[in-house]
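Grab a coffee and open the structure viewer. Below are some short exercises, each with a solution worked through in steps.

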Amino acid sequence: MIIGNTLKVTLMAITIAIASGKGGTGKTTIAANLAVALAKFGKKVAVLDADIAMANLELIMGLEGKPITLNDVLAGKADIRDAIYEGPEGVLVIPAGISLEKFRRAKPEKLEEVLKAIHDLVEILIIDCPAGIGKETLIAISSADGLIVVVNPEISSISDALKIIAITKRLGTEILGAIVNRVSNESTELGVKAIETILEVPVIGVVPEDPHVRKAAAFGTPLVIMYPDSPAAQAIMEIAAKLIGVKYEAKVKKKKESFISRFIKGLFRGR
Ligand SMILES: Nc1ncnc2c1ncn2[C@@H]1O[C@H](COP(=O)(O)OP(=O)(O)OP(=O)(O)O)[C@@H](O)[C@H]1O
């Protein structure tokens with residue numbers, strides 16, 4: 001059940017589609033790490049990679065090259081139960097599998113059935129949607145209880161997010177809110193308030209630009225496990241806590257005061 005932008009975990013599992021419209025916003029990074037963060041808070045979570053052409057989720061979760069994947073299931077060649085793997089923090093992962101051959105044979109229409117089958121195994125099911133508004137994205141959003149849209153603080157990302165939001169409203173799926181990812185002092189074309197005003201949905205979290213994200217991905221370990229104190233990991237933990245209504249105090253590293261700032265403070269203290 002979704003109340004406002006929090007998830008009330010009941011016996012019925014909650015399905016959240018994570019989409020963005022534009023590619024490369026950090027959707028897969030958020031989907032994978034949010035799943036692990038929710039598991040760290042004790043929730044039984046599954047994450048499914050509906051991006052059957054790119055299949056990046058398995059890299060982040062350290063489950064690359066599994067023999068049976070979602071592509072096999074959608075091609076009618078395997079049972080969904082054989083495509084579920086246990087990932088970090090006990091998160092159930094359904095990898096997409098990289099194979100052009102399998103991708104060609106996959107039938108996205110089967111996705112709805114697949115989602116129903118996983119739904120009963122967990123409390124929260126997260127779907128990492130492909131970029132754009134293809135069949136998989138439409139099925140994922142219409143089957144989900146709620147949508148989280150991932151945006152970057154750039155005009156092009158926001159305009160694509162608006163399309164996803166409009167479609168979600170038409171499909172009658174609730175919108176939990178937006179996560180603004182890759183926010184840095186230099187790149188902030190748009191502030192969070194402006195993004196909220198344009199999208200007309202609440203911003204449920206802001207994830208900073210953080211080099212630890214790429215480093216963790218290169219090691220095939222989720223960021224929230226490999227660099228739990230990094231700024232992006234802390235932001236994702238905060239979002240997960242907010243979603244399930246748990247208190248979480250983010251560890252924010254205080255910047256060391258610069259010599260100039262200490263010097264100026266000293267001058268005023270001396271007056
Ligand atoms: N907060 C961040 N700070 C720094 N790098 C990031 C951040 N979020 C994501 N990235 C990097 O950006 C790239 C794209 O991220 P990711 O694959 O999660 O995006 P995506 O939206 O799922 O892409 P696609 O739609 O193409 O599958 C990756 O190299 C990832 O490591």
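**Exercise 1.** Find the residues that Asn33 touches, leaving out those up to four places away in sequence, then decide whether Asn33 is buried or exposed.

*Solution.* Keep in mind throughout that you're looking at a predicted model.
- Step 1: locate the residue. Asn33 sits in helix α1.
- Step 2: list its contacts. Setting aside residues up to four places away in sequence, Asn33 touches Pro222, Leu223, Val224 and Ile236.
- Step 3: check the distance along the chain. Asn33 and Ala233 are 200 residues apart in sequence, yet their C-alpha atoms are separated by 7.8 Å.
- Step 4: count neighbours. There are 29 other C-beta atoms within 10 Å of Asn33. The cut-off for buried is 20 or more, so Asn33 is buried.

**Exercise 2.** Now go to one of those partners, Ile236. Which residues does Ile236 touch, and where does it figure in the largest nonpolar core?

*Solution.*
- Step 1: take the contacts, again skipping residues up to four places away. Ile236 touches Ile30, Asn33, Leu34, Ala37, Val207 and Val224.
- Step 2: look at the core. The largest nonpolar core has 80 residues, and Ile236 is listed with Ile18, Ala35, Val47 and Ile126 as having the most contacts inside it.
- Step 3: ask which element gives the most to this core. That's α1, with nine residues.

**Exercise 3.** Work out the strand order of the eight-stranded sheet, and explain why β5 and β10 each have one side without a neighbour.

*Solution.*
- Step 1: write the order. The strands run β5-β6-β4-β7-β3-β8-β9-β10 in an open sheet with mixed pairing.
- Step 2: look at the ends. β5 (85-86) and β10 (203-208) stand at the edges with a single partner strand each, so one side of each has no neighbour in the sheet.
- Step 3: zoom in on β3 and β8. These two run parallel and are joined by four bridges. Ile16 stands opposite Gly146 of β8, and Ile18 stands opposite Ile148.
- Step 4: move across to β9. β8 and β9 also pair in the parallel sense, over six bridges. Here Gly146 stands opposite Glu174, while Ile148 stands opposite Gly177.

**Exercise 4.** Sort the residues of β8 by the way they point, and say how many are buried.

*Solution.*
- Step 1: recall the pattern. In a regular strand, side chains alternate between the two faces of the sheet.
- Step 2: sort. Gly146, Ile148 and Val150 point one way from β8, and Leu147, Val149 and Val151 point the other way.
- Step 3: count. Six of the six residues in β8 are buried.
- Step 4: try the neighbouring strand. β9 is mostly covered too, with nine of its 10 residues buried.

**Exercise 5.** Describe the shell around the ligand, then ask of Gly24 and Lys27: buried or exposed?

*Solution.*
- Step 1: count the shell. The ligand is surrounded by 21 residues, and the closest are Gly23, Gly26, Lys27, Thr28 and Thr29.
- Step 2: sort by class. The shell holds six nonpolar, nine polar and six charged residues.
- Step 3: find the elements involved. α1 (27-40), β9 (174-183) and α9 (211-218) each supply at least two shell residues.
- Step 4: check the record. An unreviewed UniProt entry lists Lys22, Gly23, Gly24, Thr25, Gly26, Lys27, Thr28 and Thr29 under "binding site".
- Step 5: take Gly24, in the loop between β3 (14-19) and α1. It has 11 other C-beta atoms within 10 Å, so Gly24 is exposed.
- Step 6: take Lys27, in helix α1. With 27 C-beta neighbours inside 10 Å, Lys27 is buried. Not counting residues up to four places away, Lys27 touches Ile18, Ala19, Ser20, Asp128 and Val150.

**Exercise 6.** Place Leu115 in the structure and list what it touches, skipping residues up to four places away in sequence.

*Solution.*
- Step 1: Leu115 belongs to helix α5 (residues 111-119).
- Step 2: Leu115 has 23 other C-beta atoms within 10 Å, so it is buried.
- Step 3: beyond residues up to four places away, Leu115 touches Thr15 and Ser143.
- Step 4: for scale, Leu115 and Leu125 are 10 residues apart in sequence, and 8.5 Å lie between their C-alpha atoms.

Methods
Residues numbered from 1 in each chain as written. Predicted model: local features only at pLDDT ≥ 70, side-chain atom pairs only at ≥ 80, totals over all residues. Near = placed C-beta within 6 Å. Nonpolar A, V, L, I, M, F, W, Y, C, P; charged D, E, K, R; others polar. UniProt positions renumbered as here; feature names shortened; annotations may be inferred. Buried ≥ 20, exposed ≤ 12 C-beta atoms within 10 Å, placed from the backbone. Contact = placed C-beta atoms within 7 Å. Core = buried A, V, L, I, M, F, W, Y, C linked by C-beta atoms within 7 Å. Pairing = 2+ DSSP bridges.
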